[in-house]
Amino acid sequence: QEAYAAARIHAGLVKSTWYRDVAVLAAHGFGMSDRSGTLTAAKILDAFGSPSRFATFGSFIRYARLAPENGKAPRPTRGAVVHYSPKAWQALYDLSESWLKMTSCDWRQKWDAWKEVYRAKYPDEKTHPKMRIHQMGRRKVIREFVHELWDLWREWEANRAPAAVPPVPV
């Protein structure tokens with residue numbers, strides 16, 4: 001059943017202008033080319049809905065759990081309501097995992113470059129171990145991707161013709 005659902009989502013989403021004009025362009029074609037890519041795009045679309053819901057890019061990234069709080073990534077606190085969407089963060093994390101497996105991917109190369117920048121900035125392995133540098137690079141690249149996604153998506157929504165609303169019979 002999962003394969004059937006994936007095939008249906010793939011068939012429907014691949015034909016959409018949002019997928020072609022926003023998702024594939026933002027990902028530079030990487031991570032958005034096969035069924036797993038369309039599922040990731042569907043997760044992103046489901047998690048965010050529309051960027052017009054957000055007044056600014058800052059609120060968009062805050063919703064995606066990419067805005068730092070006190071210099072650190074936000075964490076859930078027991079009993080407190082989270083201000084971000086775990087679903088949005090998970091969709092973006094899954095996309096970054098696919099980039100990690102593709103060494104020729106533009107986003108993977110940016111990730112590796114940011115890891116080198118952070119390693120040079122924080123050379124002490126005790127305070128900034130390899131995994132912390134790896135995650136810092138991940139967050140930076142995801143944030144760059146989300147910025148590109150935001151720009152393309154807003155432009156796409158602005159240029160899209162409004163849906164024709166049938167007249168209401170009186």
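What follows is a short chat about the predicted model shown above.

Me: Hi! Before we start, what kind of model is this, and which pLDDT cut-offs apply?
Reply: Hello! This is a predicted model, in which local features need pLDDT of at least 70 and side-chain atom pairs count only at pLDDT 80 or more, while totals for chains, interfaces and linings use all residues. Residues are numbered from 1 along each chain as its sequence is written, and side-chain values use heavy atoms, with hydrogens and water left out.

Me: Great. How many helices and strands are there in the chain?
Reply: The chain has 7 helices and 0 strands, so from the N terminus on it reads α-α-α-α-α-α-α. Helices (H or I, at least four residues) and strands (E, at least two) are DSSP runs, numbered from the N terminus.

Me: And what share of the residues is buried?
Reply: Buried residues are 34% of the 170 in the chain. Buried means under 20% relative accessible area, exposed means over 50%, and partly exposed is in between (1.4 Å probe, protein chains only).

Me: What about the accessible surface of the chain, how many Å² is that?
Reply: It comes to about 10,500 Å², and carbon and sulfur atoms account for 57% of that. The areas come from the Shrake-Rupley method with a 1.4 Å probe; for residues, only the protein chains shown count as cover.

Me: What part of the contacts joins residues at least 24 apart?
Reply: Taking contacts between residues at least 6 apart in sequence, 66% join residues at least 24 apart. Contact here means heavy atoms within 4.5 Å.

Me: Let's go to the helix pairs. How do H5 and H7 cross?
Reply: Helix H5 (residues 86-100) and H7 have axes that come within 10 Å and cross at roughly 110°. The two helices are therefore roughly perpendicular to each other. On the H5 side the contact involves Trp89, Leu92, Tyr93, Leu95, Ser96, Glu97, Trp99 and Leu100, and on the H7 side His134, Arg138, Arg139, Val141, Ile142, Phe145 and Val146.

Me: How are those axes and angle classes defined?
Reply: Axes are lines fitted to C-alpha atoms, for helices over the stretch in contact, and angles run from 0 to 180 degrees between N-to-C directions. Angles under 35 degrees count as roughly parallel, over 145 as roughly antiparallel, 65 to 115 as roughly perpendicular and the rest as oblique.

Me: Where does H6 come in, say against H5?
Reply: The axes of H5 and H6 come within 8 Å and cross at roughly 90°, so this pair is roughly perpendicular too. Ser96, Trp99 and Leu100 of H5 meet Trp107, Arg108 and Trp111 of H6.

Me: Arg138 caught my eye. Is arginine 138 buried or exposed?
Reply: Arginine 138 sits in helix H7 (residues 130-159) and is buried, at a relative accessible area of 2%. Its side chain makes a polar contact of 2.5 Å with that of serine 96. A polar contact is a pair of N or O atoms within 3.5 Å; within protein, one must be able to donate a hydrogen and the other to accept it, and residues adjacent in sequence count only if both atoms are side-chain atoms.

Me: Which residues is arginine 138 in contact with?
Reply: Leaving aside neighbours within four places in sequence, arginine 138 is in contact with Tyr93, Ser96, Glu97 and Trp111.

Me: And histidine 134, what does that one touch?
Reply: Histidine 134, also in H7, touches Leu100, Trp111 and Lys115, not counting residues up to four places away in sequence. Histidine 134 is buried, with a relative accessible area of 13%.

Me: New topic: which residues have a positive phi without being glycine?
Reply: Arginine 65, with phi near 70°, and asparagine 70, with phi near 55°, are two such residues. Arginine 65 lies in the loop between helix H4 (57-63) and H5, and asparagine 70 lies in the loop between H4 and H5. Arginine 65 counts as buried at 12% relative accessibility, whereas asparagine 70 is exposed at 80%.

Me: Last one: which residues of H2 are buried?
Reply: In helix H2 (residues 17-26) they are Trp18, Tyr19, Val22, Ala23 and Ala26. They cover an arc of only 115° around the axis, which puts them on the same side of H2; the arc is that of the directions from the helix axis to the C-beta atoms.
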